[in-house]
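Here's a quick briefing on the empty spaces in a protein and on what fills one of them. Take a look at the structure first, then read on.

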Amino acid sequence: MSAQSQNAVFVQDSPFLRACRGEAVPYTPVWFMRQAGRSLPEYLKVREGIPMLESCTRPELVAEITMQPVRRHGVDAAIFFSDIVVPLKAIGLDLDIKPGVGPVVADPIRTRADLARLRDLEPEDVRYITEAVGLLVGQLGAVPLIGFAGAPFTLASYLVEGGPSRNHEHTKAMMYGDPELWRDLMDRLADISSAFLKVQIEAGASAVQLFDSWAGALAPADYRRHVLPASAKVFDEVASYGVPRIHFGVGTGELLGLMGEAGADVVGVDWRVPLDEAARRVGPGKALQGNLDPAVLFAPTSAVEDKARQVLDTARTAGRGHVFNLGHGVPPNTDPDALTRLVDFVHRESER
Ligand code: CP3
């Protein structure tokens, strides 16, 4: 057997993929959203002078940044270094990521005529992604790589608002005011997101996460009617690959059942809902990911460990596959050593 195909066998048997499939694990696997590229000094060093979106187009740099937290913390999965707006930039939209702000779109999408600017994403548009994933699969050995995309609602929020937004006013105005235009926008974005995920899976990613970070702004009835169909389309489009599909949002306690219904194999939970309660809301047959409050990382080690132990105990009560994670991304300014200690603690504390 070639080294590559032997690695593929080990990857399938990794604690992370086993937990996603709800199988027995030797210990609870752990990774962190936003583990790649935050406060790590080695990250700041390699990124020096290179704008965020440009860094995403350099395969060697992407591979290096993706590997950094794996080497430093010993996490059980790598998250691909890129951004949810990369496919939108790749189809020609005029957008940028402003440091300390987030994605900013030059001409927001507000009318039917604007939709014409959202063409399909072709694999040739993101050759650098295929290349970077290929490099990583070679370097990661038995550690699985998670590919990702933004969910249609969260992408739509950036496109319609023109940038980050607290209340998503323009986005909701379109959703309520012109449901047909909204539906067509969501459908376009579902095609782009699923094409972006397919590129990553075909290049070797062994799980995918759909980030609907801002879906928590929606009431369940609106989520069901105006958002779920598009996210379900993304999950359907990649179902046949058989890789675990993770669905994550923030403040989505009231939506957990619907987010599972959209087609995920693993539902991400923020810190507001305990995992045993989340299990009841999500229903049977799906694993859970989460859910330590990221702010806890700024407390003394003993407090971090108490809180992490609670997460593990609650997950045990939930009685299903569990991937340990934070309830949202690693905050900037987090002490990297706090993350390394936490990985070690989760592994030791959950050993079976
Ligand atoms: O470790 C990882 O998770 C790797 C890759 C990753 C990035 N963004 C890199 C990035 C992932 C998975 C994302 C997803 C993403 N991007 C989301 C969903 C996750 C979430 O946090 O809810 C969202 C909403 C975005 C949009 C976006 N891009 C934001 C809000 C920001 C932060 C702006 C800031 O500086 O505070 C970005 C920029 C960004 N994406 C950075 C990184 C490492 C920082 C850019 C830099 O270092 O200059």
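**Pocket, ligand and cavity**

The lining of the largest pocket breaks down into 23 nonpolar, eight polar and six charged residues. Keep in mind that this is a predicted model. So what sits in that pocket? The ligand does.

**The largest pocket**
- This pocket holds about 1,200 Å³ of space.
- Its lining takes in 37 residues, and the closest to its centre are Arg 34, Arg 38, Asp 83, Ile 97 and Gly 102.
- Helix 3 (41-47), helix 4 (52-55), strand 2 (95-98), strand 3 (102-105) and helix 9 (152-161) each chip in at least two lining residues.

**Around the ligand**
- The ligand has 24 residues around it, with Ala 36, Tyr 43, Asp 83, Ser 213 and His 328 the closest.
- Sorted by class, that shell has 14 nonpolar, seven polar and three charged residues.
- Helix 3 and strand 3 each give the shell at least two residues.
- A polar side-chain atom of Ser 213 is 2.4 Å from a ligand oxygen atom.
- Backbone atoms join in too: a polar one of Arg 34 is 2.9 Å from an oxygen atom of the ligand, and a backbone N or O atom of Gln 35 is 3.0 Å from a ligand oxygen atom.
- On its own the ligand has 880 Å² of accessible area, and the protein covers 88% of that.

**The cavity**
- There is one cavity of 30 Å³ or more, and the largest cavity has about 60 Å³ of space.
- Among the residues lining the largest cavity are Arg 34, Gln 35, Arg 38, His 73 and Asp 335.
- Its lining splits into four nonpolar, four polar and three charged residues.

Note on methods:
Residues numbered from 1 in each chain as written. Predicted model: local features only at pLDDT ≥ 70, side-chain atom pairs only at ≥ 80, totals over all residues. Heavy atoms only, no water. 1 Å grid on protein atoms, 1.4 Å probe; cavity = no way out; pocket = protein on both sides within 12 Å on 5 of 7 lines; lining within 4 Å. Points joined across faces, edges and corners; volume = space filled by probe spheres on them. Helix = DSSP H or I, 4+ residues; strand = E, 2+ residues; numbered from the N terminus. Nonpolar A, V, L, I, M, F, W, Y, C, P; charged D, E, K, R; others polar. Near = heavy atom within 4 Å. Polar contact = N/O pair within 3.5 Å; in protein donor to acceptor, adjacent residues only side chain to side chain. Areas by Shrake-Rupley, 256 points an atom, 1.4 Å probe, with all protein chains shown as cover. Sits in = over half its atoms within 2 Å of the grid points.
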